[in-house]
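Let's take a friendly walk through this model, one region at a time. Keep the viewer open and follow along.

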Amino acid sequence: MGARRPAGAPPIDRAQFPVLERRIGRDGARPLAYLDSAATSLVPLRVTDAVTRFLHTSCANIHRGAHTLAEEATDAYECARERLAAHLGVGDASRVVFTHGATESLNLAALGWAEHALGPGDVVAVAEDNHHANIVCWQMLAERRGVEIAWIPVDADGRLDYGAWCRIAERGPKLAALSQQSNVVGWEQPDLARIMDDARLAGAFTALDGAQVVGHEAVDLAALSVDFYALSAHKMLGLTGIGALACSPRALEGMRPALGGGGMVAQVDARGYAVAPGPQGFEAGTPAIAAAVAWDEALRMLEEAGMEAVRRHVAALASRAQRGLAALPGVRVLGGTSPASASLVSFTVDGVHPHDASAALDAEGVLVRAGHHCAKPLHAALGARASVRASFAGYSSDEDVDALLRAAARLVERGA
């Protein structure tokens with residue numbers, strides 16, 4: 001056990017992140033306030049150390065070799081799968097398929113299941129608050145298979161129109177594509193649970209994008225009526241290049257491999273092939289083995305910190321930023337201040353382009369996101385071409401929020 005951190009300190013030790021010691025800004029002397037964790041979280045020393053140990057001691061390919069290093073690498077990779085399954089409340093680790101990220105996971109749901117299960121005239125309901133990853137794969141499916149996309153719109157505050165969903169539900173949709181938390185407004189849809197329950201009662205499958213939740217909130221898929229759950233390691237202290245698709249038993253039963261090659265077959269000859277059992281059947285080629293090892297250690301860190309402690313800490317920071325920004329003249333917080341943000345806040349400043357606002361904050365040492373955050377339909381519904389987004393993680397601090405609000409106030413003053 002490490003030394004006890006002071007009361008009020010972030011639940012994830014900031015000393016694990018050397019980049020936070022950097023000084024940046026216009027004079028090169030501003031403390032670095034990293035507020036872009038919704039795009040990618042910082043990677044702690046424990047995670048990079050775990051990768052280094054693996055590469056220096058057990059580096060080998062998996063599942064195909066009988067030598068010591070291959071067996072050690074295979075064990076490390078499969079242990080990472082088991083830890084992730086347990087972390088998500090999935091009782092059977094074989095229902096967790098490793099991918100290259102949440103985007104590939106959602107595309108795997110479309111290519112591996114919907115491509116074969118759906119056809120012309122079938123309805124796929126797609127929520128307007130989704131990331132592009134949970135929109136475009138279904139639009140591409142519509143082009144290939146002739147399915148109908150039924151849009152679940154949001155109102156001017158970003159809330160899903162439950163009445164519109166009910167009208168779609170009456171048509172017997174085959175799938176509902178939803179976001180567990182928006183990467184723009186920063187909160188879970190108030191009607192999300194109802195929509196998911198309705199979808200289950202209607203017999204529809206559900207594809208839920210959990211990428212913006214898993215880094216700061218406990219997830220129990222045993223309690224959610226979800227068939228495809230997509231997430232990425234780089235949103236939760238891990239490396240880029242690895243993600244997962246957690247499947248319900250009925251979803252996994254109906255899936256077929258989307259890619260063919262080494263590792264995903266049990267037998268190949270001139271007459272054809274037989275798919276390997278379990279998740280290996282969907283993991284063609286050499287996977288991101290070292291990244292899986294990194295994810296395993298990242299999950300350890302989150303669990304040691306306590307997901308409830310992380311949730312409370314991140315929500316408190318995001319909510320304070322949300323209220324503080326909304327109080328500034330000329331600043332509009334997308335989605336308003338109710339519900340309270342869970343992890344991030346997106347905003348615009350009158351008369352200042354979001355890219356210029358981001359550059360001004362960067363000069364003060366505050367690193368934020370600027371753009372449409374791969375959510376153009378939601379921005380359009382909210383009447384904003386783009387926005388500035390500040391996002392928080394378990395290592396973020398009260399001082400980060402202070403720096404954001406000071407820099408935003410200066411920006412408003414200069415703009416006025």
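## A helix across three strands

Helix α5 (residues 162–169) lies across β5, β6 and β7, and its direction makes an angle of about 155 degrees with β6. Helices (H or I, at least four residues) and strands (E, at least two) are DSSP runs, numbered from the N terminus. Axes are lines fitted to C-alpha atoms, for helices over the stretch in contact, and angles run from 0 to 180 degrees between N-to-C directions; contact means heavy atoms within 4.5 Å.

Please bear in mind that this is a predicted model, in which local features need pLDDT of at least 70 and side-chain atom pairs count only at pLDDT 80 or more, while totals for chains, interfaces and linings use all residues. Residues are numbered from 1 along each chain as its sequence is written, and side-chain values use heavy atoms, with hydrogens and water left out.

## The seven-stranded sheet

The three strands beneath that heading belong to an open sheet of 7 strands with mixed pairing, in the order β4-β10-β9-β8-β7-β5-β6. Strands pair here if DSSP finds at least two bridges between them. At the edges are β4 (96–99) and β6 (148–152), each of which pairs on one side only. From one strand to the next, the twist averages 20 degrees.

Strand β5 (residues 123–127) runs parallel to β7 (residues 175–179), and 3 bridges join the two. In this pairing, V126 has A177 of β7 as its bridge partner.

## Strand β10 and its neighbours

Which way do the residues of β10 point? G243, L245 and C247 point one way, A244 and A246 the other way, and all are buried. Buried means under 20% relative accessible area, exposed over 50%, and partly exposed in between (1.4 Å probe, protein chains only). Because 5 of the 5 residues of β10 (residues 243–247) are buried, this strand is largely enclosed by the rest of the structure.

Two antiparallel pairings involve this strand: β4 joins β10 over 4 bridges, and β9 (residues 228–232) joins β10 over 5 bridges. You can locate them by T99, which stands opposite G243, and by F228, which stands opposite C247.

## The cavity and H216

Rolling a probe the size of a water molecule over the atoms shows where empty space is left. On a 1 Å grid over the protein atoms alone, a cavity is a set of points where a 1.4 Å probe fits but cannot get out, and a pocket is an open set with protein on both sides within 12 Å along at least five of seven lines; lining residues have an atom within 4 Å of a point. Grid points are joined across faces, edges and corners, and a volume is the space filled by probe spheres set on the points.

The whole structure yields 1 cavity of 30 Å³ or more, and the largest cavity holds about 150 Å³. Its lining has 19 residues, with S37, G215, H216, K235 and F392 nearest the centre. By class, the lining of this cavity has 10 nonpolar, 8 polar and 1 charged. Ala, Val, Leu, Ile, Met, Phe, Trp, Tyr, Cys and Pro count as nonpolar, Asp, Glu, Lys and Arg as charged, and the others, Gly among them, as polar.

H216 sits in the loop between β8 (205–209) and β9 and is buried at 4% relative accessibility. Leaving aside residues up to four places away in sequence, H216 touches Q181, M307, V310, R311, V314, A342 and S343.

## The second largest pocket

About 370 Å³ of space lies in the second largest pocket. Of the 26 residues in its lining, A38, H131, N183, Q212 and K235 lie nearest the centre. Helix α3 (residues 102–117) gives the largest share of this lining, 3 residues. The pocket lining divides into 8 nonpolar, 14 polar and 4 charged residues.

## Backbone features to look up

Most residues other than glycine have a negative phi, and most peptide bonds are trans. H63, in the loop between α1 (45–57) and α2 (68–87), has a positive phi of about 65 degrees and is partly exposed at 39% relative accessibility. L237, in the loop between β9 and β10, has a positive phi of about 75 degrees and is buried, with a relative accessible area of 3%.

A cis peptide bond, with omega about 0 degrees, joins S338 and P339. P339 belongs to the loop between β13 (331–333) and β14.
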